[in-house]
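Let's take a walk through this one together. Pull up the structure and keep the sequence at hand.

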Amino acid sequence: MADEKNFLSYSAATFENLANWPNAEVPLMALVTELIPELCQVPYDYLLRDDPEAMAECTLLVQEYLNLDTIIANLDIYNFEAEAMGAKLRFYPDHCSDIDRSEYFIQTPADLDKIKFRGLDTGRFPYLLRYCEAYKKHTGTDTFPMFSAPWTLAGNLYGVDNLIMDTVEDPEFVTEFLHRIVDDFHVPMYHALAEVLPGFHQVSLADAFASVPVVTPEIVRKFIKPSLERLMEKLNMPGISMQDTAFFGTAQLSGEDRKEYEEFIIWSNDMFFCIDPDLTELTPEYARQVATDHLVPLMAGISAKQVEFGAIKETVEIIKNFVLKGKNGPTPLFFFFNNLSPKTAVDKLLAAARAVRIYGAPGANENTPYELPSVIPFEEFLRDKIRHNQAGYAFHWLKVSSISL
């Protein structure tokens with residue numbers, strides 16, 4: 001178990017202190033799936049398939065290096081369930097794995113019988129359990145994985161274009177498809193995981209195919225939301241909440257359509273999720289007002305392309321604007337970096353994170369000065385962690401890493 005003063009202790013304190021909002025810091029979160037193998041210079045297939053203990057170590061090291069309160073490594077979440085059902089996956093050393101799209105797992109109504117949860121010894125569920133064990137070993141904290149939402153899982157199994165077309169041509173099939181995913185896979189999967197992982201308190205889902213213009217408010221209303229309602233009803237576990245996220249495209253809607261989509265985002269997240277490009281177009285003042293009107297937190301974020309390609313000064317000014325206006329309300333602001341590119345220069349990553357820390361601090365305003373952080377190379381950071389290894393990392397993954405220490 002890590003020392004009580006490890007970096008996660010401070011992150012936990014940041015979240016606990018939100019009860020004192022607005023006298024609290026803005027938590028910083030990020031999706032960094034590809035950044036982990038790239039910074040650690042380890043093959044993707046090794047981390048995502050072969051060595052869950054290494055994945056836990058590398059995830060925690062990258063989180064500490066970037067000074068993040070919560071890191072979303074994804075762990076290939078869009079493919080875990082599909083693989084366990086029997087779908088073919090392709091693994092690569094130099095980029096993320098993906099389902100074999102040359103022949104979709106579900107092609108006809110008869111194929112729906114293949115949607116079955118067959119236990120925690122199938123697919124990479126053993127990998128997942130070992131990852132959670134390693135995470136707790138190093139942090140003393142329970143963790144529970146995020147999975148793919150029913151709609152997005154269906155899109156991966158069948159092809160999202162096929163799924164969208166059938167909402168018009170064969171809506172009964174789409175409804176039955178989603179019911180099978182919920183009833184025959186997700187519900188028994190969650191019950192099985194809850195028996196062995198004590199950290200289960202929330203059904204945490206990612207729903208990449210539920211964004212506009214991939215879907216319409218009508219598809220959300222008729223198919224996506226009912227599948228989520230069914231999941232929570234069938235799960236029947238009092239005290240377990242749900243968070244379904246990864247929604248984009250609010251700015252492409254207007255009038256009642258936008259209002260309906262915003263209501264869905266808030267219903268499924270218990271917060272208003274609005275990041276670039278929507279945040280820039282709608283403005284942070286608009287996003288803050290929506291969150292305030294519904295008395296829910298706001299999750300705002302900058303474009304990953306801006307962080308990667310923009311000048312540091314420009315990126316800092318955008319973050320400053322988003323944070324100061326986003327936190328100007330009665331409910332907390334969470335700041336989110338979505339899918340940071342593995343090609344982003346380290347000085348830009350650290351500068352962006354520092355901007356959130358400075359302007360997300362209680363009392364910070366437009367006159368608060370910004371100072372660039374010291375840029376410590378990841379290799380130097382690793383040497384220090386090896387010398388002062390309070391978390392008890394094994395560092396076995398260095399044998400397959402290109403890092404020279």
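What follows goes from the core outwards, by way of the sheet and the aromatic rings, to the charged pairs. One thing to keep in mind throughout is that this is a predicted model.

Let's start inside. The largest nonpolar core has 143 residues, and Trp 151, Phe 177 and Phe 337 are the ones with the most contacts within it. Among the elements feeding that core, H9 gives the most, with 12 residues. Phe 177 is a good place to stop and look around. Leaving out residues up to four places away in sequence, Phe 177 touches Ile 106, Leu 112 and Ile 115, along with Ala 154, Leu 157, Tyr 158 and Leu 163.

Some of those names take us to helix H7, which spans residues 150-158. How many of its residues are buried? The count is 9 of 9, so H7 is mostly covered. The buried set in H7 includes Trp 151, one of the core residues with the most contacts. It also includes polar company, such as Thr 152 and Asn 156, and the helix's Pro 150 and Gly 155 are buried too. Right after H7 comes Gly 159, which has a positive phi, near 100 degrees.

Now step back a little along the chain to Pro 145, which sits in the loop between helix H6 (125-139) and strand E5 (147-148). Is Pro 145 buried or exposed? Its relative accessibility is 7%, and the cut-off for buried is under 20%, so Pro 145 counts as buried. Setting aside neighbours within four places in sequence, Pro 145 is in contact with Leu 128, Cys 132, Leu 197 and Ser 204. If you'd like a sense of scale, try Asn 67: from Pro 145 it is 78 residues away in sequence and 21 Å away in space, C-alpha to C-alpha.

The strand that follows that loop belongs to an open sheet. This sheet has 3 strands in the order E5-E6-E7, with parallel pairing. E5 and strand E7 (241-245) stand at the edges with a single partner strand each, so one side of each has no neighbour in the sheet. Between E6 and E7, which run parallel, there are 5 bridges. To find one of the partners, look at Val 203, whose bridge partner in E7 is Met 242.

On to the rings. The structure holds 25 aromatic pairs. One of them is Tyr 190 with Phe 200, a stacked pair with 5.6 Å from centre to centre and 15 degrees between the planes. Where do these two rings sit in the chain? Tyr 190 is in helix H9 (residues 171-196), while Phe 200 is in the loop between H9 and strand E6 (202-206), 10 residues apart. Both Tyr 190 and Phe 200 are buried. They are also part of a bigger story, as ring pairs link them with Phe 117, Phe 125, Phe 144, Phe 147 and Phe 185 into a cluster.

Two other rings have a charge for company. Over the ring of Phe 80 sits the charged end of Arg 124, 4.6 Å from the ring centre. Over the ring of Phe 91 sits the charged end of Arg 49, 5.1 Å from the centre.

Arg 49 also leads us to the salt bridges, of which the structure holds 16. Arg 49 forms one with Asp 50, where the closest N and O atoms are 2.7 Å apart. Both are partly exposed, with a relative accessible area of 35% for Arg 49 and 39% for Asp 50. Add Asp 45, and you have a network of salt bridges linking Asp 45, Arg 49 and Asp 50.

Other salt bridges reach further along the sequence. Arg 130 forms one with Glu 53, with the closest N and O atoms 2.8 Å apart. This pair links distant parts of the chain: Arg 130 is in helix H6 and Glu 53 in helix H4 (residues 52-66), 77 residues apart. Arg 130 is partly exposed at 37%, and Glu 53 is partly exposed at 29%.

Finally, look at Glu 285 and Lys 325, a salt bridge whose closest N and O atoms are 2.9 Å apart. Glu 285 lies in helix H13 (residues 284-294) and Lys 325 in helix H15 (residues 312-326), so this pair ties together parts that are 40 residues apart in sequence. Glu 285 is partly exposed, with a relative accessible area of 39%, and Lys 325 is partly exposed at 33%.

Key: Residues are numbered from 1 along each chain as its sequence is written. This is a predicted model: local features need pLDDT of at least 70, side-chain atom pairs count only at pLDDT 80 or more; totals for chains, interfaces and linings use all residues. Side-chain values use heavy atoms; hydrogens and water are left out. Buried means under 20% relative accessible area, exposed over 50%, partly exposed in between (1.4 Å probe, protein chains only). Helices (H or I, at least four residues) and strands (E, at least two) are DSSP runs, numbered from the N terminus. Contact means heavy atoms within 4.5 Å. Rings of Phe, Tyr and Trp (its six-membered ring) pair if their centres lie within 6.5 Å; planes under 30 degrees apart count as stacked, over 60 as edge-to-face and the rest as tilted. A charge sits over a ring if NZ of Lys or CZ of Arg is within 6 Å of the ring centre and within 35 degrees of the ring normal. A nonpolar core is a set of buried Ala, Val, Leu, Ile, Met, Phe, Trp, Tyr and Cys residues joined through side-chain atoms within 4.5 Å. Two strands pair if DSSP finds at least two bridges between them. A salt bridge is a side-chain nitrogen of Lys or Arg within 4 Å of a carboxyl oxygen of Asp or Glu.
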